[in-house]
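This report describes pockets, an enclosed cavity, strand pairing and selected backbone features of one protein model. The sequence and structure are shown first.

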Amino acid sequence: MIAESWRAARSSVPPGHLDAAGCNVPSDRTLDAVVGHLRHEREVGGYRAVPDLHASRAALAALVGAGADDVALLESGTAAMAALLGGWPLPPGSRVGVTRAEYGSTLMLLYRLARLRDWKLLELPVDDDSRLDPGGLASMLAGGLDLVVLSHISSHRGVVQPAVAVGRLCRAAGVPLVLDVCQSLGHVDTGGAGATAYVGTSRKWLAGPRGVGFLIVPGLAGGMDAAAPALGGHAWVRGEAPAVGGHAWARGEAPAFGGQRVRAEAPAVGGHGWVKGEAAPLAGAARYETSEGPIAARAGFGVAVLEHRTLGPAAVHAHLAELGVTARRLLDGIGGWRAGEPLDEPSAIVTLRPPPGVDPETAVEDARSRAAEASLLIGTVPVGRAPADLPTPVLRISPSPGAYQEDLHALARVLDR
Ligand SMILES: *Cc1c(COP(=O)(O)O)cnc(C)c1O
């Protein structure tokens, strides 16, 4: 039923598409919303063509138990994470917990922030499947952590992290949790974690267009702000302004952007713009959102989110888990390839590790191209995606809800040589 509805919403799908975790296939209505918005911008003027995304923001936020005002739309999951962590007001010496399976870009960002701001990165304990051990997390929280960053599902391994247990432990310890849901929202249940912030992306399991990522920040606390302030999400609150056209600001207040007032404390010599000032974030997650961006893609993303809700998240999750388990049982061991996660893991990310005794890079690339010859679109994951956790590159098979079982069998035949 889910598979049929998903396919019916798409007049075409790339043949043998098994790469939902890379870039999923948008529906016709999603594409129409993107193109329709671009046309509308041309007809009425870009700034006048503002899509009403309130219902979509509310539906998106509801997937993690948050509200529409907690949502900020950005350009990618990576941009969202950078905006969030780059502006996080952790003082020098702060301790940030991450697992070795954390996403490559997030690790790069954390390493840089740790160096620049003197944060300490602490490795959270995981088991052989790189699944976070809640008991180990509890002792580390007791030892003192200031932030925990966790990917609910990794890009390189279909293991579903115990987000609800992690969230409960972090809340009990008063430690903020950032949950990366790029690979889990639209794929598995993301409710009940109670995280401070969620980072996600459009084009994977929500099947939105490329070029959209998002933050959901139900736990916005004092001091949390975007890495860089911007008009649209911020207002001037104080400034020392120079003369404009020969007229200096008087000491006092003048209206400014966003309805807030600028207090100009000192006039300055003319012609040099603002010399001193302060930007205050607007209420809610709006402070993280860029006012300029691919507005048409955001409109398409809004439709994709509503379609996911209509399809029924719980039914989608169950169907995807079943597809993943079916794929692992079918593919594990074929041609010496081994599943990178437990066979019964309830996710539709299936990774396959190359057979022993062959050059892993060559084996992975060769399998991907043989699959392509058989009209099967699968992913490959390079070691850099999770350098501390991936010993070799792997194949990644990630069926969308509309995937055909026959394509999984065709892949088994390709790998069985
Ligand atoms: C894809 C992904 C990201 C980054 O999202 P982009 O939209 O590609 O920037 C972050 N974390 C995980 C786990 C991902 O799979």
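## Two serines with positive phi

S375 counts as partly exposed, at 43% relative accessibility (buried means under 20% relative accessible area, exposed over 50%, and partly exposed in between, with a 1.4 Å probe and protein chains only). The model is predicted: local features need pLDDT of at least 70 and side-chain atom pairs count only at pLDDT 80 or more, while totals for chains, interfaces and linings use all residues. Residues are numbered from 1 along each chain as its sequence is written, and side-chain values use heavy atoms, with hydrogens and water left out.

S375 is placed in the loop between α10 (360-373) and β14 (379-381); helices (H or I, at least four residues) and strands (E, at least two) are DSSP runs, numbered from the N terminus. Its phi is near 60°, a positive value in a residue other than glycine. S130 likewise has a positive phi, of about 65°, although S130 is not a glycine. S130 lies in the loop between β3 and α6 (134-143). With a relative accessible area of 1%, S130 is buried.

## The seven-stranded sheet

An open sheet of seven strands, with mixed pairing, follows the order β1-β7-β6-β5-β4-β2-β3; two strands pair if DSSP finds at least two bridges between them. The edges are formed by β1 (71-74) and β3 (120-123), each with a single partner strand, so one side of each is left without a neighbour in the sheet. On average, and with direction ignored, neighbouring strands of this sheet are turned by 20° against each other. Axes here are lines fitted to C-alpha atoms, for helices over the stretch in contact, and angles run from 0 to 180 degrees between N-to-C directions.

Within the sheet, β6 (residues 197-201) and β7 (residues 213-216) run antiparallel and are joined by four bridges. The bridge partner of V199 in β7 is L215. Helix α4 (residues 77-86) packs on the sheet and touches β1, β4 (147-151), β5 (177-180), β6 and β7, where contact means heavy atoms within 4.5 Å. The direction of α4 makes about 155° with that of β6.

## Strand β15 and its partners

Strand β13 (residues 350-353) is joined to β15 by three bridges, and the two run antiparallel. T351 has R396 as its bridge partner in β15. β14 also pairs with β15 in the antiparallel sense, over three bridges, and the partner of V381 in β15 is V394.

In a regular strand the side chains alternate between the two faces of the sheet. Strand β15 (residues 394-397) is covered on both faces: V394 and R396 on one side, and L395 and I397 on the other, are all buried.

## Pockets and cavity

Open and enclosed spaces were located on a 1 Å grid over the protein atoms alone: a cavity is a set of points where a 1.4 Å probe fits but cannot get out, a pocket is an open set with protein on both sides within 12 Å along at least five of seven lines, and lining residues have an atom within 4 Å of a point. Grid points are joined across faces, edges and corners, and a volume is the space filled by probe spheres set on the points. For the lining classes, Ala, Val, Leu, Ile, Met, Phe, Trp, Tyr, Cys and Pro count as nonpolar, Asp, Glu, Lys and Arg as charged, and the others, Gly among them, as polar.

| Space | Volume | Lining by class |
|---|---|---|
| Largest pocket | about 420 Å³ | seven nonpolar, five polar, six charged residues |
| Second largest pocket | about 230 Å³ | nine nonpolar, six polar, three charged residues |
| Largest cavity | about 50 Å³ | six nonpolar, two polar, two charged residues |

The largest pocket is lined by 18 residues, and V50, P51, S291, I295 and R298 lie nearest its centre. The elements giving two or more residues to this lining are α3 (54-62) and α8 (295-311).

The second largest pocket is lined by 18 residues, of which W6, R10, E307, H308 and L311 are the closest to its centre. Here α1 (2-8), α2 (28-44) and α8 each give two or more residues, and the largest share, five residues, comes from α8.

A search of the whole structure finds one cavity of 30 Å³ or more. The residues that line the largest cavity are L53, S56, R57, L60, V71, L73, R298, F301, G302 and V305. Two or more residues of this lining come from each of α3, β1 and α8, with α8 giving the largest share, four residues. R298 is thus named both among the residues nearest the centre of the largest pocket and in the lining of the largest cavity.
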